Structure formats: C-alpha cells, structure tokens
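Hi,

Here is the structure I said I'd pass on. Have a look at it first, and then read my notes below.

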Amino acid sequence: MTPEFLSGLADTLRDIDNAGLMKTERAILSPQGGHIDVNGREMLNLCANNYLGLADHPDLIEAARGALSDFGYGMASVRFICGTNSVHRDLERRLAAYLGKDDAILFAACFDANGGVFEPLLGPEDAIVSDALNHASIIDGIRLCKAKRYRYANSDMNALEDVLKKARAEGARHIMIATDGVFSMDGYLANLPEITALAEKHGALVMVDDCHATGFMGPEGRGMPHHFGVADQVDILTGTLGKALGGAIGGYIAAAQPVIDLLRQRARPYLFSNSLPPAIAVASVTAIDLAEAGNDLRAQLFDNAIYWRNGMESLGFELLPGEHPIIPVMLGDARLSQQMAARLYELGVYVAGFFYPVVPEGSARIRTQMNAALSRGDLDRALAAFGKAGRELGVIA
Ligand SMILES: *Cc1c(COP(=O)(O)O)cnc(C)c1O
C-alpha cells in the first residue's frame with residue numbers, strides 16, 4: 001500500500017472522528033436478550049431488533065443443534081451447484097405459506113435480497129418509484145437496476161401520485177413502487193392502503209421491505225400487508241431472518257411463482273453467494289412456527305410498548321407518536337443524544353443515539369425498541385435510569 005493511500009484513509013477517519021460521527025462497537029459477552037453482559041456488567045438492552053425475544057430461545061438453539069448433527073456445519077456451495085439442502089426448500093415453502101405468497105427465495109441477508117430484487121425484473125424501459133426514507137439496501141438495489149428512478153418525500157401520497165403520473169408520462173412500461181413496510185428511524189408505518197390503491201389506479205406493482213414487521217405486526221405476525229388487509233395487493237415482499245425471526249442471518253423474497261422462478265435464474269446475490277448454513281434454515285422454520293403461534297409474545301411486546309410509552313411521556317420525554325415497538329426519544333441535538341446514551345450506559349441501560357446523517361439534522365434521538373423478553377420490572381428500572389439521566393442533562397424537569 002502506498003503512503004499516499006494510507007494517509008488518505010487516515011484523513012477520512014480523522015474527519016469522521018472530528019465530526020463526532022465515529023461509530024464504536026461494544027462486545028457483548030452473553031447471548032442476545034433483554035438482559036446482556038457487556039464487559040462483565042449486566043445491562044438492560046433496549047436497542048436490539050429482537051422484538052419477540054427469540055434470539056436466545058431454547059427451541060431455536062435445540063433446532064439448530066439438531067440440524068448441526070443431521071446436516072453438518074456449512075454448504076460450501078451456491079444453491080444451484082450443490083448448496084440446496086432439503087431444509088432450504090422447507091424454509092422457502094414455510095416462508096411463502098406464512099406470508100401468503102406462491103413461493104420464496106433465500107438470500108444471505110435482506111441486504112442481498114434488496115440488492116438483487118430489482119435488476120432481473122425491470123429494465124431500462126421501466127421505472128422504480130421509491131420512498132425517500134427507504135433502507136440503504138433498497139437504494140443500492142435500485143442503483144444496480146437499469147430502470148428509471150423516481151423518488152417521493154417520505155409517506156407523501158400526493159407526491160407519490162405525482163411521480164406515478166410523471167413516470168407514465170415519460171413512457172414507463174412497468175412501474176414498481178418500492179417502500180419499507182415500517183420506517184425504522186421513526187417507527188412509522190408505511191401507508192400501504194393508500195400506496196396499493198394508487199398502484200392499482202396507475203397500474204403499478206408494489207414491493208414492500210417488511211424487515212421491521214415480519215413476525216410481530218399483523219395477525220400471526222404476517223407483517224404490514226396483512227396488518228392493513230392489503231396482502232393480495234402487495235406483489236413482492238422482502239424480509240430478514242435477522243430481526244424478529246430469531247435474529248441470526250438471512251433474507252428472502254416472497255412473491256408469485258414466475259417472479260421467484262426468474263430471480264432464481266438471474267438474481268446476482270443469489271447466484272454468486274453461498275447458501276445459508278443448514279442449522280439457520282432449520283431453526284428459522286422453528287422461529288416462524290413460534291412467531292405464528294406467538295400471540296402471547298406479541299401481547300407482551302405491545303403491552304411493553306404501551307407501558308414504556310406511557311412511562312416515558314409521564315417523565316416528560318418527547319416521543320414520536322405511533323404503535324410500533326420502535327419508540328424514538330427525541331432530543332434534537334446530536335451531542336446531547338450521545339451524552340444521554342453514554343449516561344444511560346453508566347446507569348445500566350444499553351441504547352444508541354441516532355443523529356445526522358442517519359436522521360435529519362436537528363432531530364437527533366435515542367431509538368428505544370421494545371421486545372417481549374423485557375419484564376415490567378426491567379422497564380421500571382429503565383424508566384428510572386432515563387428519568388435520572390434526563391434530569392441531569394436538562395432534557396426533562
Ligand atoms: C435490517 C434491514 C435490512 C437488512 O436486513 P439484513 O438481513 O440484516 O441484511 C433491510 N431492510 C430493512 C428495512 C431493514 O430494517
């Protein structure tokens with residue numbers, strides 16, 4: 001490596017640090033859960049995507065352990081050479097049935113599913129209409145596709161209709177609307193009833209990334225399309241095995257048979273990347289079983305979310321409104337969000353501050369996330385910590 005190249009990297013790192021944007025990582029010494037061991041300290045975890053608390057569930061560990069014995073550790077192949085084990089098809093069929101689609105196709109992550117979904121399905125004659133707050137992986141997937149790109153302001157349905165008309169006027173053959181099912185920085189739900197109605201009106205397809213919903217939103221946790229009763233109007237669903245469904249790794253696309261069949265031939269992150277470990281595939285089927293039958297877990301999750309919201313509002317914190325277990329605590333100033341997260345860490349509560357460019361400037365926040373593994377006592381302890389830190393830093397009176 002040349003000295004010029006290395007000093008360029010050092011400059012960039014210094015800029016990141018000077019701007020207060022350096023991300024650091026803390027090592028957890030225990031399984032992921034409501035209570036975690038960080039550097040030998042027991043802490044409450046309010047920032048995992050472990051919505052149903054399944055990340056350390058004994059049934060998943062047992063299922064994975066059994067699969068390790070039955071199917072070994074790794075596949076050492078992409079799917080179409082020799083990486084398709086019976087358990088991969090079992091999981092794809094189980095996902096499709098759970099989500100109400102013909103079939104599903106697995107990826108190493110939802111980042112890859114979103115990276116691979118657009119390019120095989122749409123060409124330069126087509127258009128993608130994308131919400132401005134969509135996840136980075138959707139943005140990258142759209143970049144990799146030759147379709148014309150249109151963007152609309154977050155959840156602005158007038159703007160969506162305007163760009164749909166514009167895409168048509170500019171000659172688009174097929175139009176696909178792409179949206180997150182839940183916008184993860186705010187916990188806001190995408191307006192799928194309106195989006196699907198506009199899609200129908202303008203002859204567009206709808207793609208929804210349901211990472212922050214599958215497993216816990218909607219009846220049996222089937223996600224936002226089912227939550228809003230518009231499942232048949234959503235054409236393509238992408239999602240992750242890395243959040244509510246056990247939290248390990250893996251992504252998928254679920255859709256009509258010809259869509260999945262073509263993706264299996266053409267989606268580059270599928271064709272050119274290794275198959276999921278069999279143990280993950282087997283345990284993910286168990287995770288779907290637990291989620292589907294998990295009304296008690298969802299009840300605990302949403303009870304916790306309401307209790308947490310009410311407790312935080314009583315303390316005087318400003319929250320974004322909503323019903324999702326993502327509950328952002330608005331602080332405004334980036335530095336304040338970091339100070340608050342640092343003080344909460346000292347008080348035994350693990351949360352993360354989010355600030356520009358992850359969220360708009362001046363709207364820094366601590367994004368708290370509820371999960372079913374937290375008890376009332378845990379939440380009371382976390383509320384006491386937030387109250388103390390908030391008063392010390394002058395956020396609340
Ligand atoms: C987490 C997330 C992803 C990425 O999922 P992975 O399986 O971790 O790659 C994609 N889209 C959205 C909306 C997400 O929240």
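Before the hairpin, one convention: two strands count as paired if DSSP finds at least two bridges between them. Also keep in mind that this is a predicted model.

With that in hand, start at β1 (residues 35-38), which is joined to β2 (residues 41-45) by four bridges, the two running antiparallel. H35 has L44 as its bridge partner in β2. Two residues sit between the strands of this hairpin, and N39 takes a positive phi there, near 50 degrees. The faces of β1 are worth a look too: I36 and V38 make up the covered one, while H35 and D37 are on the uncovered one. That fits the general pattern, as side chains in a regular strand alternate between the two faces of the sheet.

Further along there is an open sheet of three strands, in the order β12-β15-β14, with antiparallel pairing. β12 (326-332) and β14 (353-354) are the edge strands; each has a single partner, so one side of each has no neighbour in the sheet. β14 and β15 (residues 364-369) are held by two bridges, and G353 stands opposite I366 of β15. Lying across β12, β14 and β15 is helix α14 (residues 334-346), at about 40 degrees to β15.

Last, the N-terminal end. M1, F5, L6 and L9 make a nonpolar surface patch of about 450 Å². Of these, M1 lies in the segment before α1 (3-18) and is exposed, its relative accessible area being 79%.

Shout if anything looks odd.

Cheers

Key: Residues are numbered from 1 along each chain as its sequence is written. This is a predicted model: local features need pLDDT of at least 70, side-chain atom pairs count only at pLDDT 80 or more; totals for chains, interfaces and linings use all residues. Side-chain values use heavy atoms; hydrogens and water are left out. Patches are made of residues with over 30% relative accessible area and no salt bridge: like charges are joined within 9 Å, nonpolar side chains (Val, Leu, Ile, Met, Phe, Trp, Tyr) within 5 Å. Accessible areas come from the Shrake-Rupley method with a 1.4 Å probe; for residues, only the protein chains shown count as cover. A salt bridge is a side-chain nitrogen of Lys or Arg within 4 Å of a carboxyl oxygen of Asp or Glu. Buried means under 20% relative accessible area, exposed over 50%, partly exposed in between (1.4 Å probe, protein chains only). Contact means heavy atoms within 4.5 Å. Axes are lines fitted to C-alpha atoms, for helices over the stretch in contact, and angles run from 0 to 180 degrees between N-to-C directions.
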